[in-house]
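Student: I have a structure open and would like to go through it. Can we start with the overall picture and then look at some details?

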Amino acid sequence: MTTLVAVGAQWGDEGKGKIVDWLAPQAQLVVRFQGGNNAGHTLVVEGEQTVLHVVPAGVLNPGTVNVIGAGVVVDPGVVLGELEQLKAKGALRDPSRVRISGRAHVILPWHTALDKAREAAARGNAIGTTGRGIGPAYEDKVARRGIRVAELLQPDDLAETIHRVAKLKNFELADYYKQPPIDPNEVFEQCVAWGRALEPYVDHTERVLDRALQDGKHVLFEGAQGTFLDIDHGTYPYVTSSNCVAGAVCAGAGIGPTGIDRVLGITKAYTTRVGSGPFPTEETGALGEKLRELGSEFGATTGRPRRCGWLDVVMLREAATVNGFTQLAMNKLDVLSGMPELRIATGYKVNGKLTEDFPMTLNEITAAEPVYETLPGWDEDLTGCRAIDDLPSNARSYIERVESLVGVPVELLSIGPGRDQTICRNAPFRPA
């Protein structure tokens, strides 16, 4: 038995979906432990693209059970839509292959309405959320007024709760934001319908996970977003509303820390960010546009263009520290082909002082000026490479320099969107 946690090392959009899909045949369980449908994982299998937002990215592999843990916030309409999409593709014939925690909290219509109203009211100070209701749902969870998936299966007790919460939500929507109120009766009817449809998938997922571990199965934990969108360790307040780091597996999935063997940090060969917030290595000119075009850098959830820039190992070292990376996966190395030289940020100047550590405050991160190291590029097309020795020497030197600067080995390389366009240097599922 081996447990492997796969998490983003940057601001999300690192290509976790592709890596999880590639790893999934080696695992019997794939477990999502945080976030909601503000995440988007794009999978390309035999030329066909599938975009998932909540269902774990292992679902296209028929031998896996895919678990949505208690730490996830679930929009039932989105989940049911994804399940129908997967059924139509022939990828999901058995409901037992998707297990949803009854303890996961539900995203309701007032959550999405409030999310959009707040962003609109903030204008120039908007966080840049996806408007999917994730933050408001987590707020209700922490405030102990949330509704959980298991409650959708118990309609007799649900109506009173919905009407009670609706009074508070409608006060904020109508009286403060001047938005239309939400009809609690309509919400109740929708919840009952969702409960009926979700019932075959709802389970005590902590027991499902424990049985798998007791049986010696490989378990892959799939993170959403990335380290620097983490509510505690990210570029606050330009973050998501959950913990994205590897330690969140314990609470969000229901496993003790002694049950985690390895942590895989996933990074691009460069850096991207969606939405607002500081980005020290961002390139706003022609280079940024070139990276966006070559890397097809548009959000899987919103379609928004991603901000692009050079690789930042100050961030990667911080991510390695807070996650405990045992290995790295580097995606989109092929996008850098054709560039005469490459730059890696090895430190920052903050208010005239040189530092190799990621700053703590938003003002310091905003003021950070990257200190770059320049490496020679390569012209060769990497998409046909299948082993590390197939790569041109300058590409290998780039990887080796990243390993040296971060202190973590790069064991997986992606040189294209397809499953076969992956180079594995060491078996990910191996004893710690």
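Student: How many helices and strands are there in the protein?

Tutor: The protein has 12 helices and 20 strands. Helices (H or I, at least four residues) and strands (E, at least two) are DSSP runs, numbered from the N terminus. This is a predicted model, where local features need pLDDT of at least 70, side-chain atom pairs count only at pLDDT 80 or more, and totals for chains, interfaces and linings use all residues. Residues are numbered from 1 along each chain as its sequence is written, and side-chain values use heavy atoms, with hydrogens and water left out.

Student: Why is it called as compact as a globular protein of that length?

Tutor: The radius of gyration is 22 Å, close to the 22 Å that the globule rule gives for 432 residues, so the protein is as compact as a globular protein of that length. The radius is taken over C-alpha atoms, and the rule is 2.2 Å times the number of residues to the power 0.38.

Student: What percentage of the residues count as buried?

Tutor: Of the 432 residues, 56% are buried. Buried means under 20% relative accessible area, exposed over 50%, and partly exposed in between (1.4 Å probe, protein chains only).

Student: Where is Tyr348, and is it buried or exposed?

Tutor: Tyr348 sits in strand β16 (residues 341-350). Tyr348 is buried, at a relative accessible area of 0%.

Student: Back to strands. What is the order in the open sheet of 10 strands?

Tutor: The order is β9-β7-β5-β2-β10-β1-β11-β15-β19-β20, with mixed pairing. The edge strands, β9 (202-203) and β20 (422-424), each pair on one side only. Two strands pair if DSSP finds at least two bridges between them.

Student: In which sense do β2 and β5 pair?

Tutor: Strand β2 (residues 29-32) and strand β5 (residues 65-68) pair in the parallel sense, over four bridges. Leu29 stands opposite Val65 in β5.

Student: New topic: backbone angles. What is phi of Arg144 near?

Tutor: Phi of Arg144 is near 65°, a positive value in a residue other than glycine. Most residues other than glycine have a negative phi, and most peptide bonds are trans. Arg144 lies in the loop between α4 (134-142) and α5 (155-176), and it counts as exposed at 79% relative accessibility.

Student: And which peptide bond is cis?

Tutor: The bond from Tyr236 to Pro237 is cis, with omega near 10°. Pro237 is in the loop between β10 (219-222) and α8 (248-254).
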